[in-house]
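Biologist: Hi! I'm new to this one and would love a quick tour. Could you bring it up on the screen?
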Amino acid sequence: MENTKRTIQQLQYINSMYKRILDEVDVGVHAVDNTGKTIVYNKKMMQIESMDIQEVINKNLLDVFKFKDNQSSTLVKALQDGKETSNVKQTYFNNKGREITTINNTIPIYQNENLQGAVEIANDVTKLERLIKGNTNKSGTRYTFDNIIGNSPALKEVIEAAKRASRTASYVLIVGETGTGKELFAQSIHNASTRLASPFISQNCAALPDNLIESLLFGTKRGAFTGSVDSPGLFEQAEGGTLLLDEINSLNLNLQAKLLRVLQERMIRRIGDTKDTPVDVRVIANINEDPIDAVANNNLRKDLYYRLGVVTIFIPPLRERKEDIPLLVEHFIEKYNERFQMNVKGLSDEVKQSFFEYDWHGNIRELEHIIEAAMNIMMDEEIIKYSHLPYQYRNKMQLKERMLPLSTVDTYINEQADIAIPLKEQLELFEKSYIEHVLKKNNNNISKSAKLLGLSRQSLQYRIKKLNLSI
């Protein structure tokens with residue numbers, strides 16, 4: 001009996017040592033039994049694949065990981081063929097859709113000539129693979145369609161439309177709110193096209209005054225004006241490649257007319273020159289408002305819209321694809337874990353709920369900034385809590401919670417139903433009534449009222465004066 005107890009203790013000790021050693025080695029170790037069920041999964045493998053052990057252990061390998069159509073699992077292949085393989089590169093996806101690339105040594109395990117399972121020693125080359133892809137791209141771009149994160153039907157439809165657009169040389173108009181990822185789509189279209197090895201040049205049309213943007217786009221001829229030299233514009237610099245014009249609606253209408261001529265004739269004339277130069281450039285334009293509204297508001301020429309909008313891609317705002325939030329959060333946490341040398345694993349339930357309730361007017365860019373800001377003030381915590389979120393976000397959520405219920409608004413509208421008042425005046429009346437209500441509730445205390453309204457003291461005082469309120 002004593003010998004049996006001692007033997008069990010020895011086995012437990014050996015098992016503990018064996019697990020400790022596996023977790024300390026700097027390579028991934030993944031073993032399966034002869035049915036493909038995971039029986040060994042070490043700490044390094046969890047890091048490589050961004051998975052917790054509970055998500056993998058005692059589960060069939062093919063139920064957890066996905067492989068490309070032309071590839072199969074090297075572990076499964078070892079079970080099928082019973083042969084050892086060395087230095088085999090494998091690209092696959094974890095259960096969250098994240099792409100992983102490893103170099104594997106895979107060994108079938110036999111006992112008494114019976115195949116019992118297989119073990120894989122894996123080295124992570126995901127980052128190296130991305131770096132190699134980036135270095136083979138001479139256009140200076142960073143993004144491809146693989147970098148677009150999300151599985152929502154709305155996003156998938158847009159990605160498919162953009163991929164189809166990459167097969168031609170037609171002009172493209174990308175429509176989306178600020179922060180939705182318009183340049184990411186533009187670069188992806190370029191990198192999926194035959195222009196991949198040629199320049200990709202991006203210019204924000206709102207970043208420079210009109211007199212500079214014209215010379216920047218079309219170039220200058222020596223002597224055209226004081227100090228001018230022979231200088232190629234962006235169209236010439238992008239020859240054979242793609243020119244992205246961001247915020248095209250910020251160009252003045254005269255400059256839009258000159259741009260239209262270039263798009264139609266595929267010829268440019270430098271400022272001060274007398275001859276035209278042919279250019280082979282695909283133009284992709286971004287706009288942060290509905291192009292129909294931009295035309296109606298005289299921010300975009302109708303003829304330029306029709307010329308640019310041969311292919312029009314509408315990127316949905318984040319509030320219309322909130323099912324993509326978990327994947328985006330995971331991506332940003334992973335990004336800032338690496339940058340800040342942290343080990344944040346996710347969000348608290350309260351934060352998750354608030355993210356799904358929030359309207360995300362700043363879209364994906366706002367989500368990234370909130371994750372970055374939260375991780376900047378965390379210490380050794382592994383979960384982002386509501387208290388970690390930036391003040392501006394929490395303040396907006398509090399304002400949303402304090403918004404009047406629809407029944408209250410309906411009552412107010414019904415009370416005014418017989419009075420024909422323009423919308424602008426109606427909003428001012430409602431604003432005046434609501435501010436008076438808050439001031440009265442707080443005994444005309446400006447500081448308290450401003451805090452409840454989400455305004456600064458100066459802003460509230462301005463509104464009191466503007467609306468002629470007596471306090």
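Modeller: Sure, let's begin with a pair of charged side chains: K77 forms a salt bridge with D81, and their closest N and O atoms are 3.2 Å apart. A salt bridge here is a side-chain nitrogen of Lys or Arg within 4 Å of a carboxyl oxygen of Asp or Glu. Before we go on, this is a predicted model: local features need pLDDT of at least 70, side-chain atom pairs count only at pLDDT 80 or more, and totals for chains, interfaces and linings use all residues. Residues are numbered from 1 along each chain as its sequence is written, and side-chain values use heavy atoms, with hydrogens and water left out.

Biologist: Thanks! Where do K77 and D81 lie?
Modeller: Both are in helix α4, 4 residues apart, which is about one turn of the helix. Helices (H or I, at least four residues) and strands (E, at least two) are DSSP runs, numbered from the N terminus.

Biologist: And how accessible are K77 and D81?
Modeller: K77 is partly exposed at 41% relative accessibility, and D81 is partly exposed with a relative accessible area of 41%. Buried means under 20% relative accessible area, exposed means over 50%, and partly exposed is in between (1.4 Å probe, protein chains only).

Biologist: How many salt bridges are there by this rule?
Modeller: The count comes to 16. One of them joins the side chains of E382 and K345, at 3.8 Å from N to O. E382 lies in the loop between α15 (363-377) and β17 (383-384), and K345 in the loop between α13 (325-340) and β16 (346-347), so the pair ties together parts that are 37 residues apart in sequence. E382 is partly exposed at 35%, while K345 counts as exposed at 55%.

Biologist: Got another one, maybe with helices?
Modeller: Yes, R463 and E431 meet in a salt bridge of 3.0 Å, N to O. R463 sits in helix α20 (residues 457-466) and E431 in helix α18 (residues 423-441), so this pair ties together parts that are 32 residues apart in sequence. There is also a network, in which salt bridges that share partners join R261, R269 and D276.

Biologist: Switching topic: in what order do the strands of the open sheet run?
Modeller: The order is β2-β1-β6-β5-β4-β3, 6 strands with antiparallel pairing. β2 (38-41) and β3 (66-67) stand at the edges with a single partner strand each, so one side of each is left without a neighbour in the sheet. Two strands pair if DSSP finds at least two bridges between them.

Biologist: Which strand does β3 pair with?
Modeller: β3 pairs with strand β4 (residues 85-93) in the antiparallel sense, over 2 bridges. F67 stands opposite Y92 in β4. We also meet α4 (residues 74-81) again here: that helix packs on the sheet, touching β1 (28-33), β4, β5 (99-111) and β6 (114-124). Contact means heavy atoms within 4.5 Å. The direction of α4 makes about 155° with that of β6, where axes are lines fitted to C-alpha atoms, for helices over the stretch in contact, and angles run from 0 to 180 degrees between N-to-C directions.

Biologist: Now the inside. Is A186 buried or exposed?
Modeller: A186 counts as buried, at 0% relative accessibility. A186 lies in helix α7 (residues 182-191) and touches I174, F200, L244 and I284, leaving aside residues up to four places away in sequence.

Biologist: Which residues of α8 are buried?
Modeller: In helix α8 (residues 210-218), the buried residues are I213, E214, S215, L217 and F218. The buried residues of α8 pack against several elements, including β8 (200-204), β11 (242-246) and α10 (253-265). Just after α8, G219 takes a positive phi of about 90°.

Biologist: Back to the surface: which residues make the nonpolar patch?
Modeller: M17, I21 and V25 make that patch, about 230 Å². Patches are made of residues with over 30% relative accessible area and no salt bridge: like charges are joined within 9 Å, nonpolar side chains (Val, Leu, Ile, Met, Phe, Trp, Tyr) within 5 Å. Areas come from the Shrake-Rupley method with a 1.4 Å probe, and for residues only the protein chains shown count as cover. M17 is in helix α1 (residues 2-24) and is partly exposed at 37%.

Biologist: And what does the chain add up to overall?
Modeller: The secondary structure comes to 20 helices and 17 strands, and buried residues make up 40% of the 471 residues.
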